[in-house]
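Please open the structure in your viewer and keep the selection tool at hand, since each stop on this tour begins with something to select.

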Amino acid sequence: MGNRNSIVIQEDDAYGVETNPLYLYSHWHGQELDQVVVKALTRGRSRWIDSAYLTRIIISDLLRDDLDGTTGFGISQIPQDHDDNNEMIFVNFTRSGLVIRRGGSEYSPEEFINVFSDVEYAEVR
């Protein structure tokens, strides 16, 4: 059981090197990941084109209240379990800019912030 979901960080091939997705997994806070991404995008606005820095900002916001914990969050290069009622959030650094995907929809960072900022998960569904 739990409230499982992931933020998936993707990046186009960099310097000719194939990249793999990075899965940021939450076991208990799956429905709160929209707000984690909104906060990170807002705080890291100047880093939207810098995958290393924005990824670190997202991880920091995800783990903020549980830095010393040993359960509840994980980082992996393979998909983790997620609950059917939670939609994974894909943060994709492309050659043409940052794109956020969730539930079959695609958003610019500004659009994602506008749509999901301070919105309860139940209202989004």
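Begin with the largest pocket, which has a volume of about 270 Å³; as you look, keep in mind that this is a predicted model. Select Glu32, Val36, Asp61, Leu62 and Asp65, which are the closest to the centre of the pocket among the 14 residues that line it. Next, colour helix H1, residues 33-43, and helix H2, residues 51-63, because these are the elements that give two or more residues to the lining of this pocket. The largest share of that lining comes from H1, which gives four residues. If you colour the lining by residue class, you should find five nonpolar, three polar and six charged residues.

Which residues make the contact between H1 and H2? Before selecting them, show the two helices together and look along their axes, which lie 9 Å apart, while the helices pack at an angle of about 135°. An angle of that size makes H1 oblique to H2, because it falls neither in the range of 65 to 115 degrees that counts as roughly perpendicular nor over 145, where roughly antiparallel begins. The crossing in which H1 passes H2 is right-handed. Now select Leu33, Val36, Lys39, Ala40, Leu41 and Arg43 on H1, and then add Leu54, Ile57, Ile58, Ser60, Asp61 and Leu62 on H2, since these residues make the contact. By class, the contact of H1 with H2 divides into eight nonpolar residues, one polar residue and three charged residues. Val36, Asp61 and Leu62 may look familiar, as they were also selected at the pocket, where they are among the residues closest to its centre.

For the last stop, keep H1 on display and add helix H3, which covers residues 109-116. Here the helices pack at an angle of about 130°, and their axes are again 9 Å apart. This angle makes H1 oblique to H3 as well, and the crossing of these two helices is left-handed. To see the contact itself, select Asp34, Gln35, Val37, Val38, Leu41 and Thr42 of H1 together with Pro109, Phe112, Ile113 and Phe116 of H3. The residues of this contact divide into seven nonpolar, two polar and one charged. Finally, leave Leu41 selected by itself, because this residue of H1 takes part in the contact with H2 and also in the contact with H3.

Note on methods. Residues are numbered from 1 along each chain as its sequence is written. This is a predicted model: local features need pLDDT of at least 70, side-chain atom pairs count only at pLDDT 80 or more; totals for chains, interfaces and linings use all residues. Side-chain values use heavy atoms; hydrogens and water are left out. On a 1 Å grid over the protein atoms alone, a cavity is a set of points where a 1.4 Å probe fits but cannot get out, and a pocket is an open set with protein on both sides within 12 Å along at least five of seven lines; lining residues have an atom within 4 Å of a point. Grid points are joined across faces, edges and corners, and a volume is the space filled by probe spheres set on the points. Ala, Val, Leu, Ile, Met, Phe, Trp, Tyr, Cys and Pro count as nonpolar, Asp, Glu, Lys and Arg as charged, and the others, Gly among them, as polar. Axes are lines fitted to C-alpha atoms, for helices over the stretch in contact, and angles run from 0 to 180 degrees between N-to-C directions. Angles under 35 degrees count as roughly parallel, over 145 as roughly antiparallel, 65 to 115 as roughly perpendicular and the rest as oblique. A crossing is left-handed if the near helix is turned anticlockwise from the far one by less than a right angle, and right-handed if clockwise. Contact means heavy atoms within 4.5 Å.
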